Structure formats: structure tokens, C-alpha cells
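Please look over the sequence and the model below. How do the chains fit together?

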Protein chains: 4
Amino acid sequence: MEDYWGTDRMVAFSDGVLAIAITLLILEISVPESAFDDLWRGIADQWPAYLAYVTSFLTIGGIWVAHHAIFRRLQYANRELMVINLLLLMVVAFLPFPTKLMAEAIHNKDAARAAAIFYGGTLLVISLLLSLLWGAVARDRRVLNPGVTEKEINAIALAATPNIGFYIAVIALAIFAPRIAVFGYLVIAIVALLRVRGDRAAGPTTTTA
Amino acid sequence: MEDYWGTDRMVAFSDGVLAIAITLLILEISVPESAFDDLWRGIADQWPAYLAYVTSFLTIGGIWVAHHAIFRRLQYANRELMVINLLLLMVVAFLPFPTKLMAEAIHNKDAARAAAIFYGGTLLVISLLLSLLWGAVARDRRVLNPGVTEKEINAIALAATPNIGFYIAVIALAIFAPRIAVFGYLVIAIVALLRVRGDRAAGPTTTTA
Amino acid sequence: MEDYWGTDRMVAFSDGVLAIAITLLILEISVPESAFDDLWRGIADQWPAYLAYVTSFLTIGGIWVAHHAIFRRLQYANRELMVINLLLLMVVAFLPFPTKLMAEAIHNKDAARAAAIFYGGTLLVISLLLSLLWGAVARDRRVLNPGVTEKEINAIALAATPNIGFYIAVIALAIFAPRIAVFGYLVIAIVALLRVRGDRAAGPTTTTA
Amino acid sequence: MEDYWGTDRMVAFSDGVLAIAITLLILEISVPESAFDDLWRGIADQWPAYLAYVTSFLTIGGIWVAHHAIFRRLQYANRELMVINLLLLMVVAFLPFPTKLMAEAIHNKDAARAAAIFYGGTLLVISLLLSLLWGAVARDRRVLNPGVTEKEINAIALAATPNIGFYIAVIALAIFAPRIAVFGYLVIAIVALLRVRGDRAAGPTTTTA
């Protein structure tokens, strides 16, 4: 019997970890004091760090939206969901490390390749865990809110699929052109945010503008 | 249809990011061990770091109040609000970096100019994103809570405007007098906090003191 | 009219800042790699860091309890409460800095004196701000929940007073015996936690153990 | 009378501290720039840091689940629970420090022994505090939610016991084989997560998959 949990504290804890991981990203950026004589140039030279910051910030933002879309449809979590969610948070909280590596390695061609593949691999694992999370929901529909339709279940499952393909493609690209791949990850994050679907129709209020 | 979100988790996530960004500011302050022989002087020498800390703390505090004033009037968020809010959080979470630069650069005149302009530019972008956020609300009034009046909508839109002008003025000042500009940012933050308006009238309890 | 706020998001934001400030304290503790040949000794040598960690952790824990005791009695916040609460959070979020200084300075007598006074001064300012916060409540009782009695108002006002006296006494002690004063701050934190009063009577369930 | 607290803000504060402690773990991992010429090897060389990261992440995840299981059964907290919970959070927030030590010390046999014992000792103290927390509940059953049965109380008390034994066993192992002990802590964390029990039966919805 006692094999289910309410989702309130899981959502609060997940929001906490995602909010902290997204905010810690900035701690890795700094301008060395030696660059203070020409600080504008010193600031500009950090562009790989800004690129990595924006990419990881928007990626985690998209993960948060996807996580939100899944959990607002659940009334319970089973053990499998609890464990997969914890693994998902573990890999998202790991992301500041490959983010920093990618920012630091961009000026060294061999290191840039390794860092871009490592970064993409981390994002690929996150995408796979999000798919697994929804797969676990689909296997035990007792966890769902009563109103969730078969159509919604399939729509969410499909929404996760393209990202997995995109990440594999950009990781392959990183082998030959690591610096272009870095922009590829940014494009995936932006496209994912533009593709997100709201979770409810607007209320009865009519448009006035 | 499914183009709207509830705002509960968006508010929780935003509060998390703002609370973390405001608290991380302290991590950048330290006294070098070489200053331990005269620690009072070592502590006093860090005044630019304290000034930058207080300025950024009160500025983020004011952003939090303005964010609160906007979101408590929303019952839904549309895609545009979701994306603008994420960009807003991204720039606020970026603020510890220009804060640190401004604290470190204050003793070098050229670097102080660059750092003060860079810091002000970040605050200007934040103000513009707050205006954009409210503009997106004004364009799709289905997202608003039923009770919100036209008068309130205009009042909030107007409340954001002066800050944009003030930041442009202080950034211009920073070109000639960067150190004075740093105090200017602090004054803007204090004035913004003193100008904030509560979000409801007091209840039926009568004043007894 | 619009001069009051609901307290829900203020409490959530304050909890966030307090939880982060209390958790960041650990980041300052580390054992230098040169001490790895005799790591037990290296770990033991960090005792001032542990002492400072425990003192600041329990102190912030006590601040959190006192903050809780105040805010659960409020149904609104006015502008004064909003500003004082933000200043309070600003000084609590500052605490990791004097904590680190006190841990590092303990082996240098002159530096230890300065660091212990600076640390105590920060705690004194926090106590004064907590008193100010409650004073602002007492001046505008429209913000209180209906059920709060005059007796409770005075009890909370009195509860804050001894800490102010204790901090002044230990700061004075720090001038002559800084290392003893460090333990004094710990004792104040423990006593404050043991003196806290619950916020409600137990429910109708009877004791069975 | 006033000797009890509601648990809402305690749960929010605890979730905050646990989420932050679990997310800060990543800040300690980095690859030295000297390893950028062969970055794949540099990344691989950090395996002790990944092992320590995963172990501490899953351990804190298990603590969070256990904490959840306790607090969802409480309607009040008494002073003892308040203090024990704060001590528990203090030791969990301390965990990033022994985690870092264990990752750094693994290549030095003597240091690895000290670090593995110190890490295990911290986890043992956490387990004991969790037991104490539940013991305090069992001593004052007025704090429990009305529906909690004697059977549940005993089940929770028993659930905590094996971990204490496991930690003592692995700490003893660490004296002779510190590197194997590190994997032992990971195994305990995984087993604890697989053993957790849900907190409610599934709702009336029938299984459809």
C-alpha cells in the first residue's frame, strides 16, 4: 500500500535545486586583475563565459518548464518517479561543472572538443532522464491527476523526443567543429523555450486589448 | 488553447532565484591575509565592496518588490511572460559579476569608468525587462486577475519609467565621474524602495497606536 | 490606501535568504593540501572555523525563529516593515563575511580582537533591527492578525531586549579577551534557542507517552 | 502553553537548506588548467570528486525523503523538535566539507583513511540525529497528526536503525581499506533510497497500463 507520495514537497525541493543550480552559474565568471588596465577588453574577452552562462541558464529554464509540465499532471509519485527525479536533479546540479569547462576550454582546440562533447553529453543525459520520468508516469497511471487525457500523455512524450535527437546531432558536430557546437546548444535551448506549450486555456475573462 | 500557465510555480522559482542572487553577493568580499596585522584598516579598505554589496542588495530588493507587484495581479502567464521573466531572472542572476567588478575596479580610474558603466548597463537592461514584462501583460489582459483596474495598469507602467531615465543619467555621469556614479546607483535603489506602493488597503482593524 | 502588502511572499523570500545564508557558511572551510600528510591534525587545526560555523549557524537559526514569531502574527506589512525586513536580511546575508574573518583571525591576537568586535557588532545590528521590526509593528497595529493580544505584543518586545544587552557585554569582553568572546557569542546563540517560546498550545490530542 | 509551533515554515526552511546543501556540492569540482592539453584525461582524473558528489547527493536525497516521512506526520513541533531539526540541518549543511576532503584525499593512503572516517562519522551523526528526531516525536505524541498509528510510529523508528549499523560497519572498514569504504557509503545511500516507503496508498483511479 504505502508506495506513493504526495508531490508538494517534491516540487518545492526540485524548484529549490533548479533555482540554485541556475543561479550558481555566475560564480564561475570573473575578469583577472591583470586585465584591469583595459577593462572593456577584459570584459569582452570573457565572451565564452557569457555564452556558456546564457546557454546553461536557458537550458535549465527549459528543464524547469518541462518539469513543471510533468509534475502539474501528477497527484502522486511512486518510488520510481522519486528516484528518477532525484537522478535528474543530480545531473542538472552537475551542469555548472561542464559549463565552466566549456567556457575555459574554448580557446584551446583539443580541449574545446572534449569540453563541448562532455557538455553535450550531460545535456543528453538530462533529456533522457526527462523522457524516463514521463515513461514512468505512463507505466503507472494511478499517479496522474484524474483529468489528464491520453492525448496529453502522448503529446508530452513526443515533446521530449526531438531534443534527444538534436543533442546527438550537435554532439556529433562537436567532434569536427566544437566552437560551432557551443552555439548549437544555445539554439536548442532557445527553440525548446519557444516550443513550450502552456498548461491551461485562458479563463473566462475576455480580451480587452 | 493550451497557451497559458498558472503562476504559482513561476513565482516560487523567481523568488528562489532572486533570494539566491541577493545572498551570493557576500561571497565576493574578503580581506587578504596580508592585511591581518592591521585588521581594522583591512576591514575599512574593503569599503568599495560594502558599497557595491549594499547597492546590489537594495537594487535586487527593489526588483523583488516590483516583481511581486506585477505577479500578484496575474492569474495566468502566457508564453511571452514566461520567456521575458526567464530573461529577467537571467540578468538579475548575472548582477553579482558586475557588482564584483565595480568593487574591485574602484581604485583604478579607467577601470572604474568601465566597471561603473557596465554595472549601470546591467541595471538598465533589468529595468527595461521589467517594463517589457508589464507591457506583455497590458497586451494580453486575459492573464490579469479579474479585479485589476485600468488605473492600476497605468500606474504600474508609469512606476517603471523613471528608473529607466535615472539609470541613463547615471550611466552618462559615470563617463566623467565613475566614483560618484556608484553612489548614484545606490541613491536610485533607495529612492525606488521609498517610492514602492503597497498592494492593498489595511483591513477592518482600526488603528490603536 | 495602497500602503500594505500581504506577507506570504515576504515570508517565502525571507526564508530563502536565511536558508541560503546559513548554508553558505560551510563554503569558507577547507584544509590546505599541505596538511594532507597528517590529515587528522589538519582537520583538528580548523577548530576556529568549526566554532565560527556553529556559532553563526545557531545564531541565524535563532534569528529565523524570532522572524517566524513576528511574521506569523502579521496579516499585512506596511512600507516600514518591508524596508526594515530588507535591511535585516541584508545584514544577515552579510554575516558569512565576519564569520570567515573571525575564523581566520583567531591565531593572531590583534586581528582576533578586531574580528571578534566586528562579528559582535554585526550581531548587535541584527538584534537592533529585529527590535525595530517589532517596534514598527507596535506603531501600526493594523498589520497584526486579529487575535494578537497586548500581552503577546509586550512579550515579543521584551524577548528581544536581553540579546542586545548580551551582545554589548560580549563586545566589551572582546576588547580584553577576544578568544573568550567568541565562545560568548556561541553561548548567547544557545541560550536564545533554549529561551524561544512556541507559537501555539498543543491541540486536543491527549498525551499518550 | 505556548510551547508548540506549526510545521509549515519549518518544512520550507528545511527544504531550502537541504536543496542548497545538495546543490553546493558541485562547486568543489574543477579541472586544473594544466590538464587542458589532455582534457579527457583531466576530466577522468576527477573520478574521486564525481564519486564523492554522487554519494553525498544521494545521501542528502535519502535524508530529504526521511525528513519528509517524519514531518508529514506532524501537526506541531515542540522545542525539542525545533532544536534537533536545527542541529540536523547544521550537520547536513556541513557535509560539503568532508565530501571535498574525501575527494581530495583519495590518492594519499593515510589522508584517505582519515577523510573516509571523518566523512562516515558525519553521516553517522546525521543518522543519529534523525533517530533522535523521531524519538522526540515518540515521547510527545501531541505533536502527531491525528491519524498516525502505533504501527507507523514503530515502522519509522525501525527504518532508521539499519543505517546506523551500516555506517558503523563501513567506518570500521575505512580503517583498513579506506577506498573501498568510500564505495560502501555510496551503497548505503543507494540501498536507503531503494528501501524508502511511500507515504500514502494510491487514490481511487484504477490502473490502466
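What follows covers the symmetry, two interfaces and the nonpolar core.

This is a predicted model. Start with two of the copies, chain D and chain A. A turn of 90° and a shift of 0.0 Å along the axis lay chain D on chain A, with an RMSD of 0.0 Å. The two copies are thus related as by a four-fold rotation axis. They meet through different surfaces: of the contact residues of chain D, 6% recur in chain A.

Now take the interface itself. On the chain D side, 47 residues are in contact with 43 residues of chain A. Together the two chains bury about 4200 Å². Carbon and sulfur atoms account for 70% of that area.

What about charge and polarity? Between chain D and chain A there is one salt bridge. A:Arg9 and D:Asp15 form a salt bridge, with their closest N and O atoms 2.5 Å apart. Six residue pairs are in polar contact across this interface, counting pairs with both residues at pLDDT 80 or more. On the side of chain D that touches chain A, at least two residues each come from α1 (8-24), α2 (39-45), α3 (47-71) and α8 (178-195) of chain D. The most come from α3(D), which gives eleven residues.

Turn next to chain C and chain B. Here 43 residues of chain C are in contact with 47 residues of chain B. The buried area is about 4200 Å², and 70% of it is given by carbon and sulfur atoms. One salt bridge is found across this interface. C:Arg9 and B:Asp15 meet through their side chains in a salt bridge, at 2.5 Å from N to O. Polar contacts join six residue pairs across the interface of chain C and chain B, both residues being at pLDDT 80 or more.

Which elements of chain C give two or more residues to the side that touches chain B? They are β1 (4-5), α1 (8-24), α4 (79-94), α5 (96-105) and α6 (109-139) of chain C. Of these, α1(C) gives the most, with nine residues.

Finish with the core. The largest nonpolar core has 354 residues. Those with the most contacts inside it are A:Leu39, B:Leu39, C:Leu39, D:Leu39 and C:Tyr185. Follow B:Leu39 as an example. Leaving out residues up to four places away in sequence, B:Leu39 touches B:Val31. B:Leu39 also touches C:Leu101, C:Ala105, C:Ala111, C:Ala114 and C:Ala115 of chain C.

Note on methods. Residues numbered from 1 in each chain as written. Chains lettered and ligands numbered in written order. Heavy atoms only, no water. Core = buried A, V, L, I, M, F, W, Y, C linked by side-chain atoms within 4.5 Å. Buried < 20%, exposed > 50% of the residue type's maximum accessible area, 1.4 Å probe, protein only. Contact = heavy atoms within 4.5 Å. Least-squares fit on C-alpha atoms with pLDDT ≥ 70 in both. Buried area = accessible area lost by both parts, 1.4 Å probe. Salt bridge = Lys/Arg side-chain N within 4 Å of Asp/Glu carboxyl O. Polar contact = N/O pair within 3.5 Å; in protein donor to acceptor, adjacent residues only side chain to side chain. Helix = DSSP H or I, 4+ residues; strand = E, 2+ residues; numbered from the N terminus.
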